[in-house]
Amino acid sequence: MALEHHRVVITAAGRDFGRTLALRFASRGAEIHLSARTLEAAERVREEIRAQGHDADRVHAYACDLTDPASVREFAAAVAARTDHVDVLVNNGSRYQHGTDLLSASDEDVTDTLASGATGTVLATKAFLPLLLKSAKPDIVTMVSGCGDAGHHRSDAHAAFYAAKSAQAGFTEILSRRLRDQGVRVISLYPPDFDNHDPLSESWEGAPRTAKDPLTSQSLVDCIFFAIGQPRDCFIKSFHFEQV
């Protein structure tokens, strides 16, 4: 699927799966607007994309702290200063907190985990919705987690992370219904732990992807591309994966 005519915003794209998303969307030709908590992190990924031959005028880096409403608004305003619409918003940002013991995380850790994953997703979607509504093909993609599935208990993530992911799940569920009449598709992914191979390494093409292997970031990216590539009468609301 070629994406030369797509303008894509990706939050928390400075490392890990966010970086993977930015690199892979760029490889399909999309115009990329990527954010990270620090501008330096976002600029590193921007330069990696440019080094792959991507047009320098079609990849932009921004600082955005998803726990700070003013920072989210400034990010959206900066994107709006460069483009009159956005076709895809990828809500990737969410701080992970480890620990099965509720007491293992500080109050600050709990607050930051909830703010980045839950509040940040709502604020980013709200801030970019006006630009999405100006697109002829608007999609909102949210990386939730298996931890957002009702009854999931296999992760060692902290209860605050479970809470953040459950909030994302509730938000995207109602948003999917309420935005459908405006032509906005709301797509959520609920992956378990997965292997995030570096798109710029040999492991990207050579990673094993059999039924006995862990889920890969390659497969998650393929799911996203599949969903946004469907005709506009096809609303794929979510991808749920077998729990392992």
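## Helix α7: length and surroundings

Let's start with a quick check on helix α7 in this predicted model. With 12 residues at 1.5 Å a residue, α7 should span 16 Å, and its end C-alpha atoms sit 17 Å apart, so the expected and computed values agree.

Is α7 mostly enclosed or mostly open? Nine of its 12 residues are buried, so the rest of the structure largely encloses this helix. The buried ones are Ser217, Gln218, Leu220, Val221, Cys223, Ile224, Phe225, Ala227 and Ile228. What do they pack against? Their partners are the helices α1 and α6 (203-206), along with the strands β4 (88-91), β5 (139-143), β6 (185-190) and β7 (238-240).

## Phe226, a partly exposed residue of α7

Phenylalanine 226 also belongs to helix α7, but it is missing from the buried list. Its relative accessibility is 48%, so it counts as partly exposed; the cut-off for exposed is over 50%.

Leaving out residues up to four places away in sequence, phenylalanine 226 touches Ile236 and Phe239. Here's something you can look up in the 3D view: the C-alpha atoms of phenylalanine 226 and methionine 1 are 8.2 Å from each other, although 225 residues separate the two along the chain.

## Where α1 meets α7

To describe two packed helices, you give the angle between their axes and the distance between those axes. For helix α1 (residues 16-27) and helix α7 (residues 217-228), the axes come within 11 Å and cross at roughly 50°. That angle makes α1 oblique to α7, because it falls outside the ranges for roughly parallel (under 35 degrees) and roughly perpendicular (65 to 115). The crossing of these two helices is right-handed.

Which residues do the touching? On the α1 side they are Phe17, Thr20, Leu21, Arg24 and Phe25, and on the α7 side Ser217, Leu220, Val221, Ile224, Phe225 and Ile228. Sorted by class, the contact holds eight nonpolar, two polar and one charged residues.

## Where α3 meets α4

Next up are helix α3 (residues 69-80) and helix α4 (residues 107-132), with axes that come within 9 Å and cross at roughly 25°. This angle is under 35 degrees, so α3 counts as roughly parallel to α4. The crossing here is right-handed.

From α3, the contact uses Pro69, Val72, Phe75, Ala76, Val79 and Ala80; from α4, it uses Leu123, Ala124, Ala127, Phe128 and Leu131. The class count is easy to remember: 11 nonpolar residues, no polar and no charged.

## Where α4 meets α5

Helix α4 has another partner, helix α5 (residues 159-179), and the two pack at an angle of about 15° with their axes 7 Å apart. That makes α4 roughly parallel to α5. Again, α4 passes α5 in a right-handed crossing.

In α4, the residues in contact are Val110, Thr113, Leu114, Gly117, Ala118, Thr121, Val122, Thr125 and Leu129. They meet Ala160, Phe161, Ala163, Ala164, Ala167, Gln168, Phe171, Leu175 and Leu179 in α5. This contact has 13 nonpolar and five polar residues, with no charged ones.

## Ser35, a buried spot in β2

Serine 35 sits in strand β2 (residues 31-36). Is serine 35 buried or exposed? Its relative accessible area is 1%, so it is buried, given that the cut-off is under 20%.

What surrounds serine 35? Not counting neighbours within four places in sequence, it is in contact with Ile10, Thr11, Ala12, Ala13, Gly14, Ala42, Tyr62, Cys64 and Phe75. One of these, Phe75, turned up earlier in the contact of α3 with α4.

## Two residues with positive phi

Most residues other than glycine have a negative phi. Alanine 12 goes the other way, with a positive phi of about 50°. You'll find alanine 12 in the loop between β1 (7-10) and α1. Its relative accessible area is 28%, so it is partly exposed. Alanine 12 is also one of the residues that serine 35 contacts.

Aspartate 16 is another case: its phi is positive too, near 50°. This residue is in helix α1. With a relative accessible area of 46%, aspartate 16 is partly exposed.

Technical notes:
Residues are numbered from 1 along each chain as its sequence is written. This is a predicted model: local features need pLDDT of at least 70, side-chain atom pairs count only at pLDDT 80 or more; totals for chains, interfaces and linings use all residues. Side-chain values use heavy atoms; hydrogens and water are left out. Axes are lines fitted to C-alpha atoms, for helices over the stretch in contact, and angles run from 0 to 180 degrees between N-to-C directions. Helices (H or I, at least four residues) and strands (E, at least two) are DSSP runs, numbered from the N terminus. Angles under 35 degrees count as roughly parallel, over 145 as roughly antiparallel, 65 to 115 as roughly perpendicular and the rest as oblique. A crossing is left-handed if the near helix is turned anticlockwise from the far one by less than a right angle, and right-handed if clockwise. Contact means heavy atoms within 4.5 Å. Ala, Val, Leu, Ile, Met, Phe, Trp, Tyr, Cys and Pro count as nonpolar, Asp, Glu, Lys and Arg as charged, and the others, Gly among them, as polar. The expected span of a helix is 1.5 Å times one less than its number of residues. Buried means under 20% relative accessible area, exposed over 50%, partly exposed in between (1.4 Å probe, protein chains only).
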